[in-house]
Amino acid sequence: METGFRKWIIVVTIITSTIIELIDTTIVNVSINTMSGNLGASLEDTAWVITSYAIANVIVIPMTSFLAEKIGRKQYYIGSILLFTLASALCGFSHNLWELVAFRFFQGIGGGALLSTSQSILFETFAPKDRGTASGIFSLGIIIGPSIGPVMGGYIVDNLSWQWIFYVNIPIGLMAALLSFIYLKPTKRSVDGRKIDWLGIFLLAVGVGALQVVLERGETDDWFSAAYIVVLTIISVICLSTLIWWELKIPFPVINLRVLKSTTLSISAIMTFVLGFGLFSAVFVFPLYSQRIIGYSAFQTGTMLLPGTLMAAMISPFLGKMLQSGIRPQYLIICGFGLSAMFGFMMSGSNLETGSAYFFIPLVCRGLGAALLIVPLTALAVSELKPAEIPQGAALNNMMRQMGGSFGIALINTYIAQRAAANRTSLISHVTASDTQTIMRQQSFIRNFMAHGSTYLRAVQQSLGALENTVVRQTFLMSYMDAFLLLAILNAGCIPLVLMTIKKRKAVKAGKVTLPDAH
């Protein structure tokens, strides 16, 4: 526990580190079109800049508690900041897409370690009675980071170059490392003789990595018609199945899956996965939709996300206090999923003429929904665990959120591609030489082109191109609307899961279930 000036310097340092780590999960989103053009890569390939970072996060988060004990938490934390900062610089210096993807992976390894370690340090900085405030402050970083990323990314891309979205991390990272070195208390390495679970680490990295490649590239390469997709699917199934068996067998696993015997933690992990899916997918899809379909700039896209972020920031510090005062986390979670579903449903009703004012309410719902989910879901997840199991339960829950984000971006990309093919087929069936509306639209295009100096034959050719552009634009509009609707359904589908935990709690009060001591 810390007090006075030292306490708040640590808080600012920790939150800054958390925010820059999470900013980098989404700062790339609004610049993905620019990167794709500058690096000469397809949009699908460029999406790996986002997913490689998320994969690294997923792999390293469950290991952080164990590695911090082995190395010493202060040393591990500072080392992670420096790795994150160095990798950020190398990302900016990259000359091709796959260099950038590789350095983003190393950036994610450093950043993922910051997330869980920051939470532990922040909790220990506050007195036990103020842990609710600490939870609220930490959730502030989790919400602000992904949401402010597109604003920063948009401003930087519009005014500088995409490389600067990585360079801005360098001074912030160096300052955070220096302040951590000065103000954090030194911690000793663990000397309990526990062996590092190298096999678990290997199985986790290979299994998750292979699965991510399958999800990311499956649609592009026609799924199992590609031999490497089949091979990677088999590798993923074998590695993840073996990982579960191995982690339940050994006494000191890198991921303590035994805590999942808590039904509440298991249900919370599923809901946290959906939270991550929605949190990161929404901030991935919305910038693409607003820039590619509606025509907003990167900075305009980012600023539209800002009001929801500010609203979330206003309520986050109070959520921990509300939970400590006795408000059931399930009630807040139901509101959170309800608001997140409302965001998806409202967004799925927009069209090509929708103005920026329309997006205000759904984006505020998204921000408030995320705020009402992050802290209460963590509290619910560990509510049945013994004190010794809480760090592992929290780490597993954090992993599920990042995994939801990582898989969510890959799956939503695949879903949009599939819906685009289906929607195009549906639209093309109506664009025929015998369709009255098509004839009228083509004639309108021909008159317009002739009025601007084209000959009749040239105007006919141009009208066919204009019709194709209209079909493409409408195809992707419908596909993005389908994606928003999917997010709405996933969030709404979690509400029955929350109700299950409420029923279980009532059974506990009736004496039907005995819970272990927890705090």
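This note walks through the packing of the structure, point by point.

1. **Status of the model.** The structure is a predicted model. Keep that in mind through every point below.

2. **The main core.** The largest nonpolar core has 118 residues. Which of them touch the most other members? They are Met35, Phe286, Tyr289, Phe359 and Phe484. Helix α13, residues 263-294, supplies the largest share of this core, with 14 residues. There is also a second, separate core of 12 residues. Among its members are Ile267, Val274, Leu380 and Val498.

3. **Phe286.** This residue is one of those that touch the most other members of the largest core. What does phenylalanine 286 contact, once neighbours within four places in sequence are left aside? The list is Thr301, Met304, Leu305, Met347, Phe359, Leu363 and Phe484. Two of these names, Phe359 and Phe484, also appear among the residues with the most contacts to other core members.

4. **An aromatic cluster.** Phe286 also belongs to one aromatic cluster. The other members are Tyr289, Phe343, Tyr358, Phe359, Phe476, Tyr480 and Phe484. Over the whole structure, a search finds 12 aromatic pairs.

5. **A pair across the sequence.** Take phenylalanine 93 and tyrosine 167. Their rings form a tilted aromatic pair, 5.6 Å centre to centre, with 50 degrees between the planes. The pair counts as tilted because its angle is neither under 30 degrees nor over 60. Phenylalanine 93 is in helix α6, and tyrosine 167 is in helix α9, residues 164-167. The pair therefore ties together parts that are 74 residues apart in sequence.

6. **A pair within one helix.** Tyrosine 167 has another aromatic partner, tryptophan 164. This pair is edge-to-face, at 5.2 Å centre to centre and 85 degrees between the planes. Both residues lie in helix α9, 3 residues apart, which is about one turn of the helix. Is each one buried or partly exposed? Tyrosine 167 is buried, at 17% relative accessibility. Tryptophan 164 is partly exposed, at 40%.

7. **Helix α5 against helix α6.** Helix α5 covers residues 64-71, and helix α6 covers residues 73-93. At what angle do they pack? The angle is about 115 degrees, and the axes are 6 Å apart. From α5, the residues in the contact are Thr64, Leu67, Ala68 and Ile71. They meet Arg73, Gln75 and Tyr76 of α6. By type, the contact divides into 4 nonpolar, 2 polar and 1 charged residue.

8. **A charge over a ring.** Look next at lysine 74. Its charged end sits over the ring of phenylalanine 181, 5.3 Å from the ring centre.

9. **Two serines in helix α19.** Helix α19 spans residues 456-509 and holds serine 463. Serine 479 is in α19 as well. Serine 463 has a relative accessible area of 0%, so it is buried. Serine 479 is likewise buried, at 0% relative accessibility. What do they touch, leaving aside residues up to four places away in sequence? Serine 463 touches Gln442, Phe445, Ile446 and Phe449. Serine 479 is in contact with Ile416, Arg419, Ala420 and Asn423.

10. **Leucine 411.** Leucine 411 lies in helix α17, residues 390-428. Its relative accessible area is 32%, so it counts as partly exposed. Apart from neighbours within four places in sequence, leucine 411 is in contact with Leu215 and Phe277. Now compare sequence with space. Leucine 411 and glutamate 219 are 192 residues apart along the chain, and their C-alpha atoms are 9.5 Å apart.

11. **Two more buried residues.** Isoleucine 374 is in helix α16, residues 356-381. At 3% relative accessibility, isoleucine 374 is buried. How far is isoleucine 374 from glutamine 418 in space? The C-alpha atoms are 31 Å apart, and the two residues are 44 apart in sequence. Phenylalanine 280, in helix α13, is buried too, at 5% relative accessibility. Its C-alpha atom is separated by 17 Å from that of isoleucine 59, which is 221 residues away along the chain.

Terms used:
Residues are numbered from 1 along each chain as its sequence is written. This is a predicted model: local features need pLDDT of at least 70, side-chain atom pairs count only at pLDDT 80 or more; totals for chains, interfaces and linings use all residues. Side-chain values use heavy atoms; hydrogens and water are left out. A nonpolar core is a set of buried Ala, Val, Leu, Ile, Met, Phe, Trp, Tyr and Cys residues joined through side-chain atoms within 4.5 Å. Buried means under 20% relative accessible area, exposed over 50%, partly exposed in between (1.4 Å probe, protein chains only). Helices (H or I, at least four residues) and strands (E, at least two) are DSSP runs, numbered from the N terminus. Contact means heavy atoms within 4.5 Å. Axes are lines fitted to C-alpha atoms, for helices over the stretch in contact, and angles run from 0 to 180 degrees between N-to-C directions. Ala, Val, Leu, Ile, Met, Phe, Trp, Tyr, Cys and Pro count as nonpolar, Asp, Glu, Lys and Arg as charged, and the others, Gly among them, as polar. Rings of Phe, Tyr and Trp (its six-membered ring) pair if their centres lie within 6.5 Å; planes under 30 degrees apart count as stacked, over 60 as edge-to-face and the rest as tilted. A charge sits over a ring if NZ of Lys or CZ of Arg is within 6 Å of the ring centre and within 35 degrees of the ring normal.
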